[in-house]
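Q: Could you walk me through the empty spaces in this protein, and then through one of its helices? I'd like to start with whatever is closed off inside.

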Amino acid sequence: MLKHRLIPSIILDNGNVVQSVNFKHTNVIGNAITAVDFFNSWAVDEIIILDVSKILNDRNNFYNIIRGLSKRCFVPLTVGGWIKTEQEINNLLRCGADKISINTIAVENPEAITKFSEIFGSQCIVISLDVKKNEKNQYEVFIDRGAKPTGLDPVEWAIKAEKLGAGEILLTSIDHEGTRNGYDLELVRKVCESVTIPVIAFGGVGKWEHFVDGIRLGKANAVSAANIFHYTEHSTFNAKQFLIQNGIDVNIPKFYQVPTPRKPKYNEIF
C-alpha cells in the first residue's frame, strides 16, 4: 500500500501568495519562492501551485514563476489554474511541472481528460473537484473558480473522470475551505470510496488532527492545506511528526528519529 502524502498548496494571485477563505482570495501573505524554500526544508511529499488570478496578465509571467519554482523544488510539483489546452500543459511541463490540475475544461469538455492523459500520461492529469452544497443541501460540482454550478454530483463526476483517464483527484470543499473547521469528511469519504485513483483532500484544516481525520475517517490517500502552513512555525515538519505519532504511514524524513516505544515499568504491568 502506498504511503499517505502530506502536500502543502500555494495559492497564487498574479504571483502573490494569498490567503483563501471559501474561494475568496484577499490577503497577500508572502511570495512563492519563500514558501517553496520553506517547504523544501520541512519534509513535504509534494507541492501544489494553484493560480486563482481573476485577470490573466501576461501568461509568460506565470510560466516564469513556475520555471523559477521548479528549479528550487525538490519534490513533485503540481500546477493548476486557467489550464485549458494541450499547449498550456506542454508549456508548464517544460517549465518544470510534474503534474497538471484541470477543472473547468474537464467539465466543459470531458473528452479532454482522455486526450490529455493519452498524450502526457494519466499520472500527469489531476482533476480538481471543487464542491459545495447547493440550495437543496446537496453536494454539487462547481467550476470557474467556484463561481459556476454544473449540476454534477461529485461522486458521479469522480467516477466518470477516472474512467476517462484521470490519474488523481484534488478534492476541495468550497464550504470548508479556509474555515479551519476540518475537512468535509462526509464528502471526502464518499468520493474516496467511489474511485480507485488517489484522492487528495483539501479545504478546512485548522489543526494537525484534521490531517489524521482526513486519512482515517475520510479515507483520503493524501492530505493538503494552504493557510495553516503559512502561519505555523515549522509547520510541515510538525504536521508530519504528528501523523507519524498517530500511526499514519507516511514517508519519514531522513533527519527524523522515530520515537522508541517506552518499556513499561514493573508496577505498570502487575
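A: One term is needed before the search result: a cavity here is a set of grid points where a 1.4 Å probe fits but cannot get out. Please also keep in mind that this is a predicted model.

Q: Okay, so how many cavities of 30 Å³ or more turn up in the whole structure?

A: Searching the whole structure gives 2 cavities of 30 Å³ or more. The largest cavity holds about 110 Å³ of space, and among the 14 residues that line it, Gly 178, Gly 204, Val 205, Ala 226 and Asn 227 are the closest to its centre.

Q: Which strand and which helix each supply at least two residues of that lining?

A: Those are strand S12, covering 222–225, and helix H9, covering 227–231. Sorted by class, the lining of this largest cavity has 7 polar, 5 nonpolar and 2 charged residues.

Q: And what lines the second largest cavity?

A: The second largest cavity has a volume of about 40 Å³, and its lining is formed by Leu 171, Thr 172, Ser 173, Tyr 183, Asp 184, Leu 187, Val 188, Phe 202 and Gly 203. Strand S10 (168–173) and helix H7 (185–192) each supply at least two of the lining residues, with S10 giving the largest share at 3 residues. By class, the second largest cavity is lined by 5 nonpolar, 3 polar and 1 charged residues.

Q: Switching to the open spaces, what volume does the largest pocket have?

A: The largest pocket has a volume of about 480 Å³. It is lined by 27 residues, and the closest to its centre are Gly 81, Trp 82, Asn 103, Asp 130 and Arg 145. Two or more lining residues come from each of strand S4 (47–51), strand S6 (99–102), helix H4 (104–108), strand S7 (125–133) and S10.

Q: Which of those gives the most to the lining?

A: That is H4, which contributes 3 residues to the lining of the largest pocket. As for class, the lining of this pocket divides into 10 nonpolar, 9 polar and 8 charged residues.

Q: What about the second largest pocket, which residues lie nearest its centre?

A: Leu 2, Lys 3, Arg 5, Glu 168 and Pro 198 lie nearest the centre, out of 12 residues lining the second largest pocket. About 260 Å³ of space lies in this pocket, and its lining has 3 nonpolar, 5 polar and 4 charged residues.

Q: Now the helix. Which residues in H2 are buried?

A: Helix H2 runs over residues 59–72 and spans 21 Å from its first C-alpha to its last, which is close to the 20 Å expected at 1.5 Å a residue. Its buried residues are Arg 59, Phe 62, Tyr 63, Ile 66, Leu 69 and Ser 70.

Q: Why do those buried residues line one face of the helix?

A: Looking down the axis of H2, the buried residues fall within an arc of 130°, so they line one face of the helix. These residues pack against strand S1 (5–13), helix H1 (32–40), S4, strand S5 (77–80) and helix H3 (86–94).

Q: Last thing, how many helices and strands does the protein chain have?

A: The protein chain has 11 helices and 12 strands, and buried residues make up 52% of its 270 residues. Of the contacts with a separation of 6 or more, 68% are between residues 24 or more positions apart.

Methods
Residues numbered from 1 in each chain as written. Predicted model: local features only at pLDDT ≥ 70, side-chain atom pairs only at ≥ 80, totals over all residues. Heavy atoms only, no water. 1 Å grid on protein atoms, 1.4 Å probe; cavity = no way out; pocket = protein on both sides within 12 Å on 5 of 7 lines; lining within 4 Å. Points joined across faces, edges and corners; volume = space filled by probe spheres on them. Helix = DSSP H or I, 4+ residues; strand = E, 2+ residues; numbered from the N terminus. Nonpolar A, V, L, I, M, F, W, Y, C, P; charged D, E, K, R; others polar. Expected span 1.5 Å × (residues − 1). Buried < 20%, exposed > 50% of the residue type's maximum accessible area, 1.4 Å probe, protein only. Arc of directions from axis to C-beta. Contact = heavy atoms within 4.5 Å.
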